[in-house]
Amino acid sequence: MREANTTDCGPKLGMRRGWVEYSRSTDEPPSVAVAKALAQFEGCSPTSMETPLYEFIDPDALDALFATRPDETSRDPGEVRFATETATVVIRLEMVRVFERVSC
């Protein structure tokens, strides 16, 4: 996992902001990689996140989007994006990036 361009939001929030990049291993489901990346971004463990991943995206559907086809061929490269209250998440086959969500 690579963390870059982060700043401390202050002692009250206790979170780090900026962005986090998580490199996913080939045998790791995308939903697990997203949970780990979001937890790193929020500064907590995946099991102690305030809002479960399924409140934002269907983990089974996400895994299916990146799974090998039934004929064992790879899917075309692509990405999935979604937002949480605090972050924008970008998922690609090999990595997950979590960016601070900016409100205007």
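**View 1. Oblique packing of helices α1 and α2 in the predicted model.** Helix α1 and helix α2 (residues 59-66) pack at an angle of about 120 degrees. This value lies outside the 65 to 115 range counted as roughly perpendicular and is not over 145, so the pair is classed as oblique. The two axes are 8 Å apart. Two packed helices are described by the angle between their axes and the distance between the axes.

**View 2. Residues forming the contact of α1 with α2.** From α1, the contact involves P30, S31 and V34. From α2, P59, L62, D63 and F66 take part. By class, the contact comprises 5 nonpolar residues, 1 polar residue and 1 charged residue.

**View 3. Surroundings of S31 in helix α1.** S31 belongs to α1, which covers residues 30-42. The relative accessible area of S31 is 11%, which is under 20%, and S31 is therefore buried. Leaving aside residues up to four places away in sequence, S31 touches L53, P59, L62 and D63.

**View 4. Extent and burial of helix α1.** With 13 residues, α1 reaches 18 Å from its first C-alpha to its last, close to the 18 Å expected at 1.5 Å a residue. The helix is mostly covered, as 10 of its 13 residues are buried. The buried residues are P30, S31, A33, V34, A35, A37, L38, A39, F41 and E42.

**View 5. Backbone just after helix α1.** G43 follows just after α1 and takes a positive phi of about 75 degrees.

Methods: Residues are numbered from 1 along each chain as its sequence is written. This is a predicted model: local features need pLDDT of at least 70, side-chain atom pairs count only at pLDDT 80 or more; totals for chains, interfaces and linings use all residues. Side-chain values use heavy atoms; hydrogens and water are left out. Helices (H or I, at least four residues) and strands (E, at least two) are DSSP runs, numbered from the N terminus. Buried means under 20% relative accessible area, exposed over 50%, partly exposed in between (1.4 Å probe, protein chains only). Contact means heavy atoms within 4.5 Å. Axes are lines fitted to C-alpha atoms, for helices over the stretch in contact, and angles run from 0 to 180 degrees between N-to-C directions. Angles under 35 degrees count as roughly parallel, over 145 as roughly antiparallel, 65 to 115 as roughly perpendicular and the rest as oblique. Ala, Val, Leu, Ile, Met, Phe, Trp, Tyr, Cys and Pro count as nonpolar, Asp, Glu, Lys and Arg as charged, and the others, Gly among them, as polar. The expected span of a helix is 1.5 Å times one less than its number of residues.
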